[in-house]
2 protein chains.
Amino acid sequence: MRSYNARADIVRDGDQSHECCLVLTGFVHRSKLLKDGRRQILSFHTPGDMPDLQGLHLPVMDHSVCTLMRTTAAFIEHAAVRQITREHPGIAEAFWRDTLVDAAIFREWMTGLGQRDARERVTHLLCEISLRLRGVGLATEAGFSFPATQTDIGDALGLSTVHVNRVLQGLRGDGLVRGNLTALTILDWQGLQAAGDFDPTYLQQRPKEAKGGETSGHASLGSAQAVH
Amino acid sequence: MRSYNARADIVRDGDQSHECCLVLTGFVHRSKLLKDGRRQILSFHTPGDMPDLQGLHLPVMDHSVCTLMRTTAAFIEHAAVRQITREHPGIAEAFWRDTLVDAAIFREWMTGLGQRDARERVTHLLCEISLRLRGVGLATEAGFSFPATQTDIGDALGLSTVHVNRVLQGLRGDGLVRGNLTALTILDWQGLQAAGDFDPTYLQQRPKEAKGGETSGHASLGSAQAVH
DNA sequence: CGAACACTTGACTAGAGTCAATGTGTGTGG
DNA sequence: CCACACACATTGACTCTAGTCAAGTGTTCG
């Protein structure tokens with residue numbers, strides 16, 4: 001297990017990876033840097049995620065994994081993972097499925113980047129972050145705390161920081177949210193979903209358990225703990 | 001094996017898929033439609049590709065697979081594929097790897113959609129199409145023929161048809177290419193790569209064989225034949 | 001306290017979209 | 001063989017969303 005400060009690289013673009021990373025506490029993002037410094041954030045990850053599982057079969061990284069805040073992560077040698085997946089096809093399928101959900105989220109983001117305007121992109125991302133944090137018990141319908149700056153949001157959505165700021169002000173003005181990413185209150189969840197044309201199917205989340213029963217269904221790839 | 005006309009759906013968004021599609025001849029794309037009709041093209045596929053391999057473990061489609069021209073495709077029941085992957089972990093890994101390359105291409109496209117301007121996006125896509133067609137023997141360095149309209153390119157790159165048209169004229173004016181997608185001559189491959197900041201690593205293509213020797217390396221998932 | 005970082009605001013610019021019309025080539029039916 | 005329809009490509013004029021630049025204002029933290 002290793003510990004990282006905020007804004008630290010866990011794996012770098014071009015690295016030859018020989019182990020998989022499992023986020024235990026904290027948050028990370030994956031990103032690609034262009035030569036001139038432009039940055040595209042590709043995904044955000046919560047505790048329980050394995051953000052570089054793809055390194056198992058594509059050993060040279062085409063992007064970096066970086067922390068958003070102080071983060072701890074466990075590492076498992078590829079050799080060990082490979083042995084497990086060889087011996088237990090069910091686990092191999094669960095891992096494979098995990099990378100497929102990853103790709104489904106990429107497709108949704110591509111659609112946003114290509115077709116949606118700034119307001120739709122921002123609200124869509126807020127909805128996604130909310131649901132994913134709720135999925136690991138780090139948020140409620142009322143709001144969440146996520147350690148991304150407006151610049152991070154801009155780099156994820158293909159928008160400038162200034163424009164992200166203005167869109168957020170618009171959402172506050174329309175009574176949809178209050179506060180900032182680091183302490184966001186959702187005032188109108190329905191309105192937020194509508195503004196972002198948000199349909200959560202692509203997240204492939206297990207259906208919410210009714211009361212307090214144990215979640216059934218597909219393998220869950222790790223246990224999560226809130227840090228903050 | 002089934003045959004499709006141009007602009008036909010092979011699989012539709014929302015379908016519960018129970019078989020995998022292998023493109024034999026022709027070309028297809030995958031796309032998502034928004035409620036108001038906006039369309040994001042997510043990928044293009046050549047003969048030999050299995051564009052909906054992900055359906056194996058995410059059984060409800062989050063996008064459609066459509067033909068660009070008259071296309072023939074073979075279909076394999078998920079049950080059969082699953083049995084093969086259970087019995088032959090090496091094949092499972094090859095399929096898994098295929099979906100991971102798919103995701104790597106998504107990441108590159110996301111980066112383009114979020115960070116690159118119109119000219120960079122168009123040239124980058126031209127480079128990608130060229131290399132991928134060459135990879136299956138359907139093009140040379142001199143150029144290619146690809147049955148996408150300017151509207152298709154626009155929907156893939158998040159640009160309007162009119163703007164795609166103007167960018168292409170710019171590239172012709174600068175002596176980089178001649179003609180149109182359906183009959184493109186590449187006049188300056190180096191210049192095209194430079195204009196699109198194109199680095200083909202993400203395609204994970206096997207290194208070009210030296211003379212005429214058999215390709216070694218990773219499993220190739222099908223054999224291709226030119227149509228057109 | 002002061003540096004660093006994030007957020008906010010205003011004024012101006014520019015890249016890309018929209019609208020509408022006009023080519024241009026192809027195929028088809030009479 | 002021609003007329004017509006259709007799909008795709010092209011052009012011009014105008015608009016607008018989002019970017020850029022530059023200057024603030026917090027706020028945190030060593």
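# Notebook: salt bridges, interface and buried spots

I started with the charges and counted 36 salt bridges over all chains. Worth writing down at once: this is a predicted model.

**Chain A, first pair.** I pulled up A:Asp62 and found its salt bridge to A:Lys32, with the closest N and O atoms 3.7 Å apart. The two come from distant parts of the chain, 30 residues apart: A:Asp62 sits in the loop between strand S5 (39–45) and strand S6 (64–67), while A:Lys32 belongs to strand S4 (residues 28–33). Buried or exposed, I wondered, for A:Asp62? A:Asp62 has a relative accessible area of 12%, so I put it down as buried. A:Lys32 is at 7% relative accessibility, so that one goes down as buried too.

**Chain A, second pair.** Next I looked up A:Asp174, which forms a salt bridge with A:Arg119 at 2.8 Å between the closest N and O atoms. A:Asp174 is in the loop between helix H5 (161–173) and strand S9 (177–180) of chain A and A:Arg119 is in helix H3 (residues 118–135), so this pair ties together parts 55 residues apart in sequence. A:Arg119 comes out at 31% relative accessible area, so I have it as partly exposed.

**Chain B pair and a network.** Over in chain B, I found B:Arg116 and B:Asp197 joined by a salt bridge, 3.2 Å from N to O. They are 81 residues apart, with B:Arg116 in the loop between H2 and helix H3 (118–135) and B:Asp197 in the segment after helix H6 (189–196) of chain B. I checked burial for both: B:Arg116 is buried, and B:Asp197 is as well. Then I followed shared partners and got one network of salt bridges made up of A:Lys32, A:Lys35, A:Asp62, B:Arg107, B:Glu108, B:Arg116 and B:Asp197. My A:Asp62 and A:Lys32 from earlier are thus back on the page, in a network with residues of chain B.

**Interface.** On to the two chains together. I count 44 residues of chain B in contact with 44 residues of chain A. The buried area between them is about 4,400 Å², and carbon and sulfur atoms give 61% of that. In chain B, the residues that lose the most area to chain A are B:Trp96, B:Arg107 and B:Met110, together 19% of what that side buries. B:Arg107 is also one of the network members I listed above.

How many salt bridges cross the interface of chain B and chain A? I get 10. I looked up B:Arg38 with A:Glu120, a salt bridge whose closest N and O atoms are 3.0 Å apart. For polar contacts between chain B and chain A, I have 22 residue pairs, both residues at pLDDT 80 or more.

Which elements of chain B each supply at least two residues of the side that touches chain A? I noted strand S4 (28–33), strand S5 (39–45), helix H1 (78–87) and helix H2 (89–115). H2(B) brings the largest share of that side, 20 residues. Sorted by class, I have 17 nonpolar, 10 polar and 17 charged residues on the side of chain B that touches chain A.

**A:Arg39.** I found A:Arg39 in strand S5 of chain A. Its relative accessible area is 15%, so A:Arg39 goes into my buried list. Beyond four places away in sequence, A:Arg39 touches residues including A:Lys32, A:Asp152, A:Asp155 and, from chain B, B:Gln115.

**B:Thr46.** I located B:Thr46 in the loop between S5 and strand S6 (64–67) of chain B. At a relative accessible area of 6%, B:Thr46 is buried. What is B:Thr46 in contact with, leaving aside neighbours within four places in sequence? I wrote down B:Val23, B:Gly26, B:Phe27, B:Leu133 and B:Val136.

**Helix H6 of chain A.** Six of the eight residues of helix H6 (residues 189–196) of chain A are buried, so I call it largely enclosed by the rest of the structure. The buried ones are A:Trp189, A:Gly191, A:Leu192, A:Gln193, A:Ala195 and A:Gly196. Among what covers them I noted H3, S9 and strand S10 (183–186) of chain A. Just after H6(A), A:Asp197 has a positive phi of about 50 degrees.

**Nonpolar core.** Last lookup. The largest nonpolar core has 112 residues, and those touching the most other members are Leu126, Phe144 and Phe146 of chain A and of chain B. I opened B:Leu126 and, leaving aside neighbours within four places in sequence, saw contacts with B:Phe144, B:Leu168, B:Leu171, B:Val177, B:Leu181, B:Leu184 and B:Leu192.

Definitions and conventions:
Residues are numbered from 1 along each chain as its sequence is written. Chains are lettered from A and ligands numbered from 1 in the order in which they are written. This is a predicted model: local features need pLDDT of at least 70, side-chain atom pairs count only at pLDDT 80 or more; totals for chains, interfaces and linings use all residues. Side-chain values use heavy atoms; hydrogens and water are left out. A nonpolar core is a set of buried Ala, Val, Leu, Ile, Met, Phe, Trp, Tyr and Cys residues joined through side-chain atoms within 4.5 Å. Buried means under 20% relative accessible area, exposed over 50%, partly exposed in between (1.4 Å probe, protein chains only). Contact means heavy atoms within 4.5 Å. Buried area is the accessible area (1.4 Å probe) that two parts lose on being put together, summed over both. A salt bridge is a side-chain nitrogen of Lys or Arg within 4 Å of a carboxyl oxygen of Asp or Glu. A polar contact is a pair of N or O atoms within 3.5 Å; within protein, one must be able to donate a hydrogen and the other to accept it, and residues adjacent in sequence count only if both atoms are side-chain atoms. Helices (H or I, at least four residues) and strands (E, at least two) are DSSP runs, numbered from the N terminus. Ala, Val, Leu, Ile, Met, Phe, Trp, Tyr, Cys and Pro count as nonpolar, Asp, Glu, Lys and Arg as charged, and the others, Gly among them, as polar.
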